[in-house]
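Visitor: I should like to learn how to read the features of a structural model. May we go through one together?

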Amino acid sequence: MFHALYQRTLALAASRHASWWLFAVAFAEASFFPIPVDLMLIPMILAARERAFRLAAICTVGSVTGAMLGWVIGAMLLQHVALPIVHFYHAEHTLAVMQEKFRQYGVAIILLKGLTPIPFKIVTIAAGAAHFAILPFIAASLVTRGARFFLVATLLWFYGAPIRDFIERRLTLVLAGFLFLIIAGILAVTLL
């Protein structure tokens with residue numbers, strides 16, 4: 001099953017609409033979608049290493065644009081949209097804690113949390129719910145998400161062939177590890 005999904009993602013990476021799909025997934029992941037964009041970005045870079053930095057840029061722009069939607073959801077649609085998303089992660093307490101942290105630490109929270117496996121949508125919604133200033137929020141999101149995606153692109157650009165071989169030989173192990181990181185991030189959100 002995983003191997004077929006991986007092969008499908010590699011095939012999608014070669015399609016002429018791949019960049020649009022990558023943007024859409026990055027956008028959704030930063031505001032409401034529970035699946036990390038890395039599941040699409042990594043195979044796409046492995047399929048076409050020469051496009052690594054272009055794909056990282058697409059992810060960055062998509063993620064920051066989605067982060068703005070997450071901010072709007074937190075700021076203007078807290079009761080009707082944000083709370084069901086936060087409830088999905090069992091992170092009601094975390095939202096309240098993060099709102100207070102935004103008041104105390106501001107941009108540092110975005111810079112730190114944007115690089116971790118903690119779902120970024122929780123950060124974006126909390127920033128909006130705390131009515132954190134939008135321009136510093138956008139700037140910090142651009143820095144942290146760009147750093148994350150360009151780091152992945154750089155590593156895959158330099159070490160793409162060995163990483164691709166490793167992933168293809170041990171796909172189940174790699175996906176299990178990635179799933180562990182996702183669960184760890186969600187648990188970190190719920191236990192903050």
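Visitor: Is Arg-148 buried or exposed?

Guide: The model is a predicted one. A residue counts as buried when its relative accessible area is under 20%. Arg-148 has a relative accessible area of 17%, and is therefore buried.

Visitor: Which side chain does Arg-148 meet in a salt bridge?

Guide: The partner of Arg-148 is Asp-38, with an N to O distance of 2.5 Å. Arg-148 belongs to helix H9 and Asp-38 to helix H3 (residues 38–47), so this salt bridge ties together parts that are 110 residues apart in sequence. Asp-38 has a relative accessible area of 5% and is therefore buried.

Visitor: How many salt bridges does the structure hold?

Guide: The structure holds two salt bridges. Besides the pair just described, the side chains of Arg-145 and Glu-29 meet at 3.0 Å, N to O. This pair links distant parts of the chain, since Arg-145 lies in helix H9 and Glu-29 in helix H2, 116 residues apart. Arg-145 and Glu-29 are both buried.

Visitor: Which other residues of H2 are buried, and why can the span of this helix be said to agree with expectation?

Guide: The buried residues of H2 include Ala-18, Ser-19, Leu-22, Val-25, Ala-26 and Ala-28, together with Glu-29. On the general side, an α-helix has 3.6 residues a turn, so residues three or four places apart point the same way. As to length, helix H2 (residues 18–29) has 12 residues, which at 1.5 Å a residue should span 16 Å; the end C-alpha atoms are 16 Å apart, so the two agree.

Visitor: What is the overall arrangement of secondary structure in the protein chain?

Guide: The protein chain has 10 helices and zero strands. Along the sequence the pattern reads α-α-α-α-α-α-α-α-α-α. Of its 192 residues, 45% count as buried.

Visitor: Which residues does the UniProt annotation "transmembrane region" cover?

Guide: According to the unreviewed UniProt entry, the annotation covers residues 20–41, 53–78 and 173–191. One may then set such a record beside the model. Residues 20–41 are 64% helix and 0% strand, with end C-alpha atoms 12 Å apart. Residues 53–78 are 96% helix and 0% strand, and there the end C-alpha atoms lie 35 Å apart.

Visitor: How many residues does the largest nonpolar core have, and which helices supply it?

Guide: A nonpolar core is a set of buried nonpolar residues joined through their side-chain atoms. The largest one here has 26 residues, and Met-98, Phe-102, Ile-110, Ile-125, Phe-132 and Phe-137 have the most contacts inside it. Helices H4 (52–76), H5 (78–88), H6 (92–105), H7 (107–113), H8 (120–129) and H9 (134–169) each supply at least two residues of this core. H8 gives the largest share, seven residues. Another core, of 19 residues, lies apart from it and has Met-40, Ile-45, Ile-58 and Leu-156 among its members.

Visitor: How far apart are Phe-149 and Ile-58, in sequence and in space?

Guide: Phe-149 and Ile-58 are 91 residues apart in sequence, while their C-alpha atoms are 9.3 Å apart in space. Phe-149 lies in helix H9, and at 0% relative accessibility it counts as buried. A further pair can be read likewise: Glu-92 and Ile-122 are 30 residues apart in sequence and 10.0 Å apart, C-alpha to C-alpha. Glu-92 is in helix H6 and is partly exposed, with a relative accessible area of 37%.

Visitor: Which residues form the nonpolar patch on the surface?

Guide: The patch is formed by Phe-53, Phe-150, Leu-151, Leu-155, Trp-157, Phe-158 and Tyr-159, with about 690 Å² of accessible area together. H9 provides the largest share of the patch, six residues. One residue of H9 is Phe-158, which counts as exposed at 52% relative accessibility.

Visitor: What is the phi of His-131, and where is this residue placed?

Guide: Most residues other than glycine have a negative phi. His-131 has a positive phi of about 55°, although it is not a glycine. His-131 is placed in the loop between H8 and H9, and it is exposed, with a relative accessible area of 56%.

Methods:
Residues are numbered from 1 along each chain as its sequence is written. This is a predicted model: local features need pLDDT of at least 70, side-chain atom pairs count only at pLDDT 80 or more; totals for chains, interfaces and linings use all residues. Side-chain values use heavy atoms; hydrogens and water are left out. UniProt positions are given in the numbering used here, feature names are shortened, and annotations may be inferred rather than shown by experiment. Helices (H or I, at least four residues) and strands (E, at least two) are DSSP runs, numbered from the N terminus. A nonpolar core is a set of buried Ala, Val, Leu, Ile, Met, Phe, Trp, Tyr and Cys residues joined through side-chain atoms within 4.5 Å. Buried means under 20% relative accessible area, exposed over 50%, partly exposed in between (1.4 Å probe, protein chains only). The expected span of a helix is 1.5 Å times one less than its number of residues. Patches are made of residues with over 30% relative accessible area and no salt bridge: like charges are joined within 9 Å, nonpolar side chains (Val, Leu, Ile, Met, Phe, Trp, Tyr) within 5 Å. Accessible areas come from the Shrake-Rupley method with a 1.4 Å probe; for residues, only the protein chains shown count as cover. A salt bridge is a side-chain nitrogen of Lys or Arg within 4 Å of a carboxyl oxygen of Asp or Glu.
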